[in-house]
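Thanks, everyone. I have one short item today, on charged side chains and how they pair. Please have a look at the model first.

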Amino acid sequence: MSVPITPALKDELDIVIPTIRNLDFLEMWRPFFQPYHLIIVQDGDPTKTIKVPEGFDYELYNRNDINRILGPKASCISFKDSACRCFGYMVSKKKYIYTIDDDCFVAKDPTGKEINALEQHIKNLLCPSTPNFFNTLYDPYREGADFVRGYPFSMREGVKTAVSHGLWMNIPDYDAPTQMVKPLERNTRYVDAVMTIPKGTLFPMCGMNLAFDRELIGPAMYFGLMGDGQPIGRYDDMWAGWCIKVICDHLGLGVKTGLPYIWHSKASNPFVNLKKEYKGIFWQEEIIPFFQSVSLPKDCTSVQKCYLVLAEKVKEKLGPIDPYFTKLADAMVTWIEAWDQINSTSTGAKVANGTANGK
């Protein structure tokens, strides 16, 4: 008699999905996602009913729930933007988070086999990273690879991995100007590699296929103020990526990118995207040098402390560019206050018991 295999981290990982529509896409993911708990963050009209396929264990939060749970602090959670997903990170009680967009389907590897993206992310997170010295064979801990000649033995233990950043087949994650000049471009290249992003190097993080260790980096995984009432959009995940990378580098944690791939099914409208990105395209020329040069004091030994210092520096250095950054810096502080409030034992139990709209 065959014994059923328990999926990895079944009771230690939540899947967070932001959405404005029925979640039919979960049918395709059923073989991989069904054993896990889902946190669905409904954006937009809270009176709309989101249908979730039968058989999934989930809780669903809409804007009314967010306002009720966080009160005035709900102002830090974006509205009418997928950045609202970070509310799911806040209310989760698990060690690990995987977040995926609802237009992302199961991809296939070059042999035609369906890719279990979640399984690969878990492998990435449970293996060390090597941010301090680059291994030319990429991930040395993978089967069939190792540290190459010349790699210091004193560094071969690596460091804990905080973030696993996955990629996409089909529709690439391009900005609006690139979308406009390459409207038909599709990613068909499957690169069978995972690598650690070196210490001191920033990267453009995409939130549509992303996993992280909530205990190691969760409080810094704030997707900023985007969407309704804000002058910018489509920079939510990148803002979080710049913040987490600076903090991971400071705390000696690793960030990986590469496998797994998902199939990104549809391109968003480049003209709508340009309207959202317009200011960000200019601002990022000053934002990036800020993150490249920012340093955190030695007494910042927790993610929360690091993040609050970063918020101060954002206000001081980026505030003069536009009042938006002063508002964003204040929201970063509110986010940490809300995170600590929700994750204190007594409040946490109240929230968990009071808001599960799903099964």
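What follows is a short walk through some of the salt bridges in this predicted model.

The structure has 16 salt bridges. I will take three pairs, then a network.

Start with Asp102 and Arg21, whose side chains form a salt bridge with an N to O distance of 2.8 Å. Asp102 is in the loop between β4 (96-100) and β5 (104-105), while Arg21 is in the loop between β1 (13-19) and α1 (26-33), so this pair ties together parts 81 residues apart in sequence. How accessible are the two partners? Asp102 is buried, at 12% relative accessible area. Arg21 is partly exposed, at 36%.

Next, a pair within one helix. Asp65 and Arg68 make a salt bridge, with 3.0 Å between the closest N and O atoms. Both sit in helix α2 (residues 63-70), 3 residues apart, which is about one turn of the helix. Asp65 counts as buried because its relative accessibility is 8%, under the 20% cut-off. Arg68 has 48% and counts as partly exposed.

The third pair is Asp192 with Arg142, where the closest N and O atoms are 2.9 Å apart. Asp192 belongs to the loop between α5 (176-181) and β7 (194-196), and Arg142 to the loop between α4 (117-126) and β6 (161-170), so the salt bridge ties together parts 50 residues apart in sequence. Here Asp192 is partly exposed at 48% relative accessibility, and Arg142 is partly exposed at 29%.

Last, the network: Lys95, Asp213 and Glu215 are joined into one by salt bridges that share partners.

Methods: Residues are numbered from 1 along each chain as its sequence is written. This is a predicted model: local features need pLDDT of at least 70, side-chain atom pairs count only at pLDDT 80 or more; totals for chains, interfaces and linings use all residues. Side-chain values use heavy atoms; hydrogens and water are left out. A salt bridge is a side-chain nitrogen of Lys or Arg within 4 Å of a carboxyl oxygen of Asp or Glu. Helices (H or I, at least four residues) and strands (E, at least two) are DSSP runs, numbered from the N terminus. Buried means under 20% relative accessible area, exposed over 50%, partly exposed in between (1.4 Å probe, protein chains only).
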